[in-house]
Structures are given as structure tokens and as C-alpha cells.
Amino acid sequence: MKVAVFSSKSYDHQFLEAENLAHGHELTFFEPRLTHETASLAAGYAAICVFINDTVDGETLRAIAAQGVKLIALRSAGFNHVDLKVAAQLGLLVVRVPAYSPYAVAEHATALILALNRKIYRAYNRVRDDNFALEGLLGFDLHGSTVGIVGTGKVGQCFAQIMHGFGCRLLAYDPYPNEVCQQLGVVYVDLPALFAASDIVSLHCPLTPANHHLINAESLEQMKPGVMLINTSRGALLDTTAVIEGIKARKVGYLGIDVYEQEEALFFEDLSNTVIQDDTFQLLQSFPNVLITAHQAFFTRDALKNIAETTLANITAFAEGQPCVNQVFSAQP
Ligand code: NAI
């Protein structure tokens, strides 16, 4: 099957091509993101393969459907960027990679916590500058700290297991409690109770219309002064402006994010020679207690191999007319 791979980087070529030896699809790699403007590149392809910052809105879906595309293979678990209702109306099948490495994301969340707490990024720069002073590097023991986990699915569970290893007290909020977490001693509480008791709040739930800006001025008000916020899920779970106010008021003591609400304009590209126009992002970067990574939590060898494996298996199932277990359905008719 002819597949147009959008937003492709060298690592996508490497892992998809290696996996494709077992499938034999005709993959064409396009560097540009899928948008309404680049949709014409999909002409002549039965399937397109896209990542999280591709635009898969109604307008783009109509454009690619008109080019003859039948299948949208997401190289991601998240599908909040896809207008599933329009896809269903157009008869476009959407498939995803529901799990590729929850360990990768949970371990990255842990890396953000450790780096922020022990100020590793500052220490690294100081020592390189022969500045061996410790003032300003004071951390706290994770052991005995209370960690609030919002969302205890695959990633949240791995994260709970790691934090349990550190000797943390674990609280969680999830509409569907996870038995493995409960056996570990995770106590399920409602969100206000989680916010009120946690030294660290880490988000591991999907972004939905219901939890857009879950962390906002009101929820920040409920948190402990000096709380550490970690977001490796989706940028729009945080109201960035409210969090900036929280940092300035010293309510938020640390912020570690791998995702950012306006990240499509920034992440995955080398913009080191350009003037960034996003003032909110630049302000965030200016705080000493903020650590930003550019959506790299998933980025391990193991995860990329699993993403390529499942993506190609999804495409093959479609090509052979088999039902695909990883199909994403619209919740709305
Ligand atoms: P999952 O589907 O296994 O688990 C999500 C959990 O969140 C479920 O238990 C669900 O009941 C719960 N949930 C849903 N709405 C909630 C709400 N409003 N409040 C609390 N819990 C809620 O998903 P998985 O694999 O654990 O991934 C979690 C998220 O991690 C993804 O949705 C995605 O946004 C993010 N992610 C980020 C990556 C990165 O590179 N930064 C890579 C992969 C995933």
C-alpha cells in the first residue's frame, strides 16, 4: 500500500523502514507537517501516517479524503488532534498506537522531577564554569513526599511504581481506579484532595474537552505553596498563563513540562537561529525553576521500534481488509 508519512524525521525513516521489511509497503517520507496547505502531498496515497502536531482537523480531512486517502495511521497514542466526527462522516479510518512504551514517558516524568528538585541543569552549568558553590541548589528528599498522580492508566501506573520505589506517599485521581496501583498502596481521592495534599502533581491523563485547562487559577489555589507540577501528557491540560502567575506568586515552586499548549509552532524543529515570537513560552523559559523539554518523553529506541511495529501492522491489517484492533472511533455520532 502507498503510504505518505508526514512530519517525518531521520529517526522515523530509520525505524519505519526497518520494520517495513516485513510488510513491503511503499513509504514516502515528507518532512512537512500535514496541514490544509500540505494536504495536496497526499494525492495518490491510500494511507497517510501522521504524528501529534500534524493538523488533522475537519478542513484537512476533507482535503485528504478528496485526494483519495482512506486510512489515517497515527504514530501516537493520543488522538485529541483528530476530528474523529468528520473522519467518520468521510468514511476515513483512523488507527493509532495505543501503547508503545509507558516506561519511556514515566521515566521522563521522573527525570524532570529529579532534575528540577536537585537543580541538575543549573549544577551542570555551574561546574562547567568552575563555580562549585552550592547556594541555590538545595533540594528535598523524594522519600516521604506526597505525589499526586492524575490518570493511572499505562503511564500513570508505571510512574506510580517508580515513585513507590522512591518511598513516596501516593495519591491518585482517575475515574477508573487501577488495581495494580491500589495494591501498591495508591490512595484514590478526588481532585481537590489530591491538589491539597500533594508536594508533586504529575499529569498522566489524556486531554479531553472536559479536562482542558485542568490546572488553572482555581486548582492552583487549592495546592500547597511550592508545589511541583509535572506535565508529560498534553499542553492544554495546563492554563499556562495561570501557571505563570502561580510561579510569580511562588505558589508553584517548580514546573517541569514536556508538552506545551502552543507547541506545534515550536517543537520538533531547530529554531535556534530564529526569533521566537511566543512571548508566553519565552517568559516561561526565563524562570529558574522551570524545566522544559520538547515532547521527548516518548523518545527511546524501544518506543520508536514499538511505534513502527504497530503502525505498520495497522496499515497491513487495513490493506488486507482485516478489522484493526487499534481503530479509533468517534464518541459522537
Ligand atoms: P491510558 O489511556 O493508558 O491512561 C489514561 C488514564 O487517564 C486512564 O486510566 C483514564 O481513565 C484516565 N483519565 C481519563 N480522563 C481523566 C481525567 N479527566 N482525570 C484523571 N484521569 C483521567 O493512557 P497512557 O498510555 O497512560 O497515556 C497517558 C497520556 O500520556 C496520553 O493521553 C498522552 O497525552 C500522554 N503521552 C505523552 C507522551 C509524550 O511523549 N510526552 C507519549 C505518550 C503519551
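Q: How many residues of domain 1 are in contact with residues of domain 2?
A: Contact means heavy atoms within 4.5 Å. In this predicted model, 12 residues of domain 1 are in contact with 10 residues of domain 2.

Q: Where do the two domains lie along the chain?
A: Domain bounds come from an automatic or database domain assignment. Domain 1 is 2-100 + 301-319, and domain 2 is 102-292. Their C-alpha centres lie 30 Å apart.

Q: What should I know about numbering and confidence?
A: Residues are numbered from 1 along each chain as its sequence is written, and side-chain values use heavy atoms, without hydrogens and water. Local features need pLDDT of at least 70 and side-chain atom pairs pLDDT 80 or more, whereas totals for chains, interfaces and linings use all residues.

Q: Which residues come nearest to the ligand?
A: A residue is near a molecule if one of its heavy atoms lies within 4 Å of it. There are 23 residues around the ligand, and Tyr100, Lys154, Val155, Asp174 and Thr232 come nearest.

Q: Which polar contacts does the ligand make with Asp174, Asn211 and Ser233?
A: A polar contact is a pair of N or O atoms within 3.5 Å. A side-chain N or O atom of Asp174 is 2.7 Å from a ligand oxygen. For Asn211, a polar side-chain atom lies 3.3 Å from a ligand nitrogen. Ser233 has a backbone N or O atom 3.2 Å from a ligand oxygen.

Q: How much of the ligand does the protein cover?
A: Accessible areas come from the Shrake-Rupley method with a 1.4 Å probe. On its own the ligand has 870 Å² of accessible area, and the protein covers 83% of that.

Notes:
Polar contact = N/O pair within 3.5 Å; in protein donor to acceptor, adjacent residues only side chain to side chain.
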